[in-house]
Amino acid sequence: MGLLSVGTPLAWKDTKKLAEYVKKHGIVQFINLYRKLKNRQRDTLKWGDEIEYTLVYLDHEKKAARLLLKCNEYLPELQEDENNNPGKNTSAWRMEYANYMIEGTPGQPFGGCLTQFNRVEKSMKSRREELERMIQRPNEAIICFASFPRIGCPDFTEPTYEVSPELNPASNSLYYPDAAVYPDHPRFLTLTKNIRSRRGGRQAINIPVFRDEKTPEPFLPATPNDDGQAAKGMKPDHVYMDAMGFGMGCSCLQVTFQACNIDEARLLYDQLAGLGPIMMALSAASPAFQGTLADVDCRWDVIAGSVDDRTPGERGTGPLQEGERLIPKSRYDCIDMYISPCSKDFNDRPILYDKEHKQMLLDEGLDDVLAEHIAHLFIRDPISLFAEKLDLNDEVEVDHFENIQSTNWQSVRFKPPPPNSQIGWRVEFRTIEVQLTDFENAAYVVFVVLLTRVILSYNLNLLIPISKVEENMRRAVKRDAVLNEKFFFRSALNCNKNADEPVEEMSIDEIINGKDGGFPGLISLMKSYIKSMDVDVDTVCTITQYLNLISKRASGELKTPANWMRNFIVNHETYKRDSEVNERIMYDLAVKCDSISRELVGCPELFGNPKTKSANVTLPRCEKVKQEVESITEKILQQQELD
Ligand code: ADP
Ligand code: MG
Ligand code: MG
Ligand code: MG
Ligand code: MG
């Protein structure tokens, strides 16, 4: 996660004094970068995914599954290939917030040719193999949990730790030990401590509990060793979480695209923003937190709350102190504005920024919208500073810019080229929940990449007022949103950038699969795009399997991981209808997820019986799925043959 400069970390009281200094220099650094790179042209499409993997310890004797704190041991060896063969490495590995998490990306980005879609799942497979070679079976496993259901329960880590505010100087948490945070880089504990200090107390994340027959009324979580903050912060009938690790210790799937120039990057940023909530609901994989079933299916609100560093005044729960203003959202959340000049009319939310910051950018010739976007990022204070990294050469270094940029964790991110690199202007799509299998992860990634091609080729316009995107985000996290919620979406996808165009409320099924006599659905647009391209049969087959997964998740024919896991939990023989995910359920769920992700068993309810070329899932395809796959590919294949 983000900028990984090293040095002596500063406490919040010192960081605070330097905040304005860092911001000014950060903006100057962006300006210098912009000046050099604003006219950069003709970059080709390059793109790549990031998957966050979870290390799980399976205690087969006690029948318990815990989070294994060992990534710092495994990381150096995983990075050897990259260190020895830079530019040629198969995979790239990065530390993450928790010591049970590790981030893997392809060693090199994928290219623009559609045949590259055949490589995605292979790359994910080889990442999994690299991890498999590290771990010690049979007790260690790698499972892509978007959120491990028992984070924060007693003994949820391996090794286990006692937890209390005194034992956790960084987080002060009652539940999440500082020892679970990645230990070998100062960034993570510093962020933890400074976010809490800036906020003026521990986080108070309250997620509605899923009420079952025997769920206690009111549902009130245990608050061991409470110093009074928990009693104040928790809401009845909610799962209560009090530390950064509850959110930043969850895992996501991200995709970064290189655009041909800055204008295309801005356009893509805007178009992808509206897809954020749709893809989140479609990928929902987080039904339980802290050992309790929740009434949400996604991790988003937990992670937003987990790094919410706003003071009581800023978040509207206390009096404003001098120099403060109300800030509507956490620094982790949905974006507040579109950034292309022609999207301006859809920015119907007030944008906070310091006039002076915006003026610095305008003076350098930035247009109003981009100046506002950058200035808006800079309403956030730096929360992690290193003593050795304060006095920088703003002509060549960008650490102060990246410091603010990389702690604005929003649904999409506009990434400028790093200085002195071959890399162009990029956009990152950040809302997808990580899936259990390589097949599913590849499907979501390919779906989004393909959609960007369709948007650009057909000059589509998905923009809706930004307030409606925010509302969609709120709906997307709800339990079974994919089946039950409606989302604001444009029925006329033409390139007309007029904010008066009609916005409808549609189900995800209608958005993805279309509706009779109305909106054609994103998948049919993607299929006609593929048809219009000269694509080989292999690639068409690969893509078709991915589109099928998304289509069936949208229609409800296949389950989201959240729905599937929730079912697994409530149907477990030890489940007491009290919303609790006990240790035994967690163990059985982990064992099951492990076998599914290693393709030792299938899971037709979750993803059918796919047979992607690279995956070769060994199960026989059932007749029904086979027929469907064939009927969908038939036309495209015939077309190919005719050509
Ligand atoms: P982050 O800052 O979001 O953590 P990472 O470097 O971890 O970024 O991952 C970004 C992704 O972008 C990786 O999948 C990587 O392969 C991919 N990538 C690398 N170079 C480019 C490029 N020039 N254009 C687009 N994507 C790229
Ligand atoms: Mg990451
Ligand atoms: Mg990364
Ligand atoms: Mg990151
Ligand atoms: Mg990223």
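The following conversation covers the overall fold, two pockets and one helix of a predicted model.

Visitor: What kind of model is this, and how are residues numbered?
Guide: This is a predicted model, in which local features need pLDDT of at least 70 and side-chain atom pairs count only at pLDDT 80 or more, while totals for chains, interfaces and linings use all residues. Residues are numbered from 1 along each chain as its sequence is written, chains are lettered from A and ligands numbered from 1 in the order in which they are written, and side-chain values use heavy atoms, with hydrogens and water left out.

Visitor: How many helices and strands does the chain have?
Guide: The chain has 23 helices and 17 strands; these are DSSP runs numbered from the N terminus, helices being H or I of at least four residues and strands E of at least two.

Visitor: What is the radius of gyration?
Guide: The chain has 24 Å, which agrees with the value near 26 Å for a compact globule of 643 residues. The radius is taken over C-alpha atoms, and the globule rule is 2.2 Å times the number of residues to the power 0.38.

Visitor: And how much of the chain is buried?
Guide: Of the 643 residues, 63% count as buried, meaning under 20% relative accessible area with a 1.4 Å probe, protein chains only.

Visitor: Turning to helix α18, which of its residues are buried?
Guide: In α18 (residues 522-532) they are Leu522, Ile523, Leu525, Met526, Tyr529 and Ile530.

Visitor: Why are they on the same side of α18?
Guide: They cover an arc of only 160° around the axis, which puts them on the same side of α18; the arc is that of the directions from the helix axis to the C-beta atoms.

Visitor: What covers them?
Guide: The cover includes α8 (262-283), α14 (438-458), β16 (486-490), α17 (508-513) and α19 (537-555).

Visitor: How are residues divided by class in the lining of the largest pocket?
Guide: That lining has 23 nonpolar, twelve polar and 14 charged residues. Ala, Val, Leu, Ile, Met, Phe, Trp, Tyr, Cys and Pro count as nonpolar, Asp, Glu, Lys and Arg as charged, and the others, Gly among them, as polar.

Visitor: Which elements give two or more residues to that lining of the largest pocket?
Guide: They are β1 (47-59), β3 (91-95), β4 (101-106), β9 (252-258), α13 (399-405), β14 (412-415) and β15 (426-433).

Visitor: And the second largest pocket, what classes are in its lining?
Guide: The lining of the second largest pocket divides into 16 nonpolar, ten polar and 16 charged residues. Elements that each supply at least two of its residues are β7 (205-208), α6 (229-233), α9 (300-306), α10 (312-315) and α15 (466-476).

Methods
Buried means under 20% relative accessible area, exposed over 50%, partly exposed in between (1.4 Å probe, protein chains only). Contact means heavy atoms within 4.5 Å.
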